[in-house]
Amino acid sequence: MEKRKLGRSGLEVSAMGLGCMGLSFGYGPAVDTQAGIKLIRAAFDLGVTFFDTAEAYGPFANEELLGEALAPFRDQVVIATKFGFLGGVPRDGLDSQPERIREVADASLKRLKTDRIDLFYQHRVDPAIPVEDVAGTVKELIKEGKVKHFGMSEAGVESIRRAHAVQPVAALQSEYSLWWREPEKDIMPTLEELGIGFVPFSPLGKGFLTGAIDENTEFDKNDFRNIVPRFSQDARKANQAMVDLLTSIAAQKNATPAQVALAWLLAQKPWIVPIPGTTKIHRLEENMAAANVVLSADDLQNIEKAAADIQIEGARYPAQMQALVNK
């Protein structure tokens, strides 16, 4: 797989990474440990060198899984993890106090079986802690060799600028896909100006853009999509139009809707690195093959034109989750 650099940070990773959250958290029961290890190692065999986790995924279990899976080839991969929730539990609230950031770094290093975190994200901006203090703490961790690069997740333009002035931000992680394009307005121009890479999570719309979900799909009782307005039955029915568009283009390209959705993201900017996640090897292979799907200027223009006529229904997050997104 081709490599990409995340902005001007010098951090080079595979053109697509693997989002590991769903192996342990968020989409129903966690996978069996051996199955998770097998999938992560299969991703490495496919050329993936960028793996994304967080203490909050589980909590803690996802880092442990990733640490075990990547141990044989640790020096050939880039590991990203995150801090920012009280006790590592999102529902308990935010906590980016400097001493807490240091505690998370030390604990994550142990769980990940490594001596450094390649990319350490603030999971959500904590309004109680000046972002300068957060950036300064990570800067100290970088000087100590525990962390290589600083990242932010779901941060707004002002927070990004303030943090970047203290410690250069290597990458911003936020949702971005054909059905969530808000970052194009203010975030992406800022990232381009400052030389910050962009790591879109949920690049397949939490699975919807694969075409495998429709209005009749029933989710596991522990799947957080049950509380997401965009995944209500009525919204799924209305949003099928976007999947239909991807399906029609995929047919012309001898590809799948998921591959077209990912190829579209890769075509937006050379410093964008999506991190699709999955629990299935065949889906992993399908997703990573998207790096070989080439969309021409005409293809992109046709997608743009057709997408402009599609009104996506439903909020991205329920209110309590949206409240954590920094503006």
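Select aspartate 186 in this predicted model. Aspartate 186 is partly exposed, at 43% relative accessible area. Now add lysine 185. The two form a salt bridge, and their closest N and O atoms lie 3.9 Å apart. Salt bridges here count within 4 Å. Is lysine 185 buried or exposed? Lysine 185 is exposed, with a relative accessible area of 67%.

**Stop two: helices H7 and H10**

Go to aspartate 299 and lysine 253. Their side chains meet in a salt bridge, at 2.6 Å from N to O. Aspartate 299 sits in helix H10 (residues 297-307), and lysine 253 in helix H7 (residues 233-253). The pair links distant parts of the chain, 46 residues apart. Colour both residues by accessibility. Aspartate 299 counts as buried, at 13% relative accessibility. Lysine 253 is partly exposed, with a relative accessible area of 29%.

**Stop three: a salt-bridge network**

Select Arg74, Asp75, Asp115, Arg116 and Asp118 together. Salt bridges with shared partners join these five residues into one network. Zoom in on aspartate 118 and arginine 74. They form a salt bridge, with the closest N and O atoms 2.9 Å apart. Which parts of the chain does this pair tie together? Aspartate 118 belongs to strand E6, while arginine 74 lies in the loop between helix H2 (61-70) and strand E5 (78-83), so the contact ties together parts 44 residues apart in sequence.

Check how covered the two partners are. The cut-off for buried is under 20% relative accessible area. Aspartate 118 has a value of 8%, so it is buried. Arginine 74 is buried as well, with a relative accessible area of 8%. For the wider view, a search of the whole structure finds 26 salt bridges.

**Stop four: strands E6, E7 and E8**

Stay on E6 and select residues 117-122 as a ribbon. Add strand E7, residues 147-153. E6 and E7 run parallel, joined by five bridges. Label isoleucine 117, then look across to its bridge partner in E7, valine 147. Now trace the chain between the two strands. From E6 the path goes through helix H4 (residues 131-143) to E7, in a right-handed β-α-β crossover.

Show E7 with its side chains. In a regular strand, side chains alternate between the two faces of the sheet. How many residues of E7 are buried? Six of its seven residues are, so the strand is mostly covered.

Next, bring in strand E8 (169-175). E7 and E8 pair in the parallel sense, over four bridges. Phenylalanine 150 stands opposite valine 169 in E8. Follow the chain once more. From E7 it crosses through helix H5 to E8, and this β-α-β crossover is also right-handed.

**Stop five: the second largest pocket**

Switch on a surface. The second largest pocket has a volume of about 260 Å³. Its lining comprises 17 residues. Select Ala155, Glu182, Ile187, Asn326 and Lys327, which are the closest of these to the pocket centre. Which elements give two or more residues to the lining? They are helix H5 (157-166) and strand E8 (169-175). H5 is the helix of the crossover from E7 to E8.

Finish by colouring the pocket lining by class. Six of the lining residues are nonpolar. Three are polar, and eight are charged.

Notes. Residues numbered from 1 in each chain as written. Predicted model: local features only at pLDDT ≥ 70, side-chain atom pairs only at ≥ 80, totals over all residues. Heavy atoms only, no water. 1 Å grid on protein atoms, 1.4 Å probe; cavity = no way out; pocket = protein on both sides within 12 Å on 5 of 7 lines; lining within 4 Å. Points joined across faces, edges and corners; volume = space filled by probe spheres on them. Nonpolar A, V, L, I, M, F, W, Y, C, P; charged D, E, K, R; others polar. Buried < 20%, exposed > 50% of the residue type's maximum accessible area, 1.4 Å probe, protein only. Pairing = 2+ DSSP bridges. Right-handed = clockwise from strand over helix to strand, strands pointing away.
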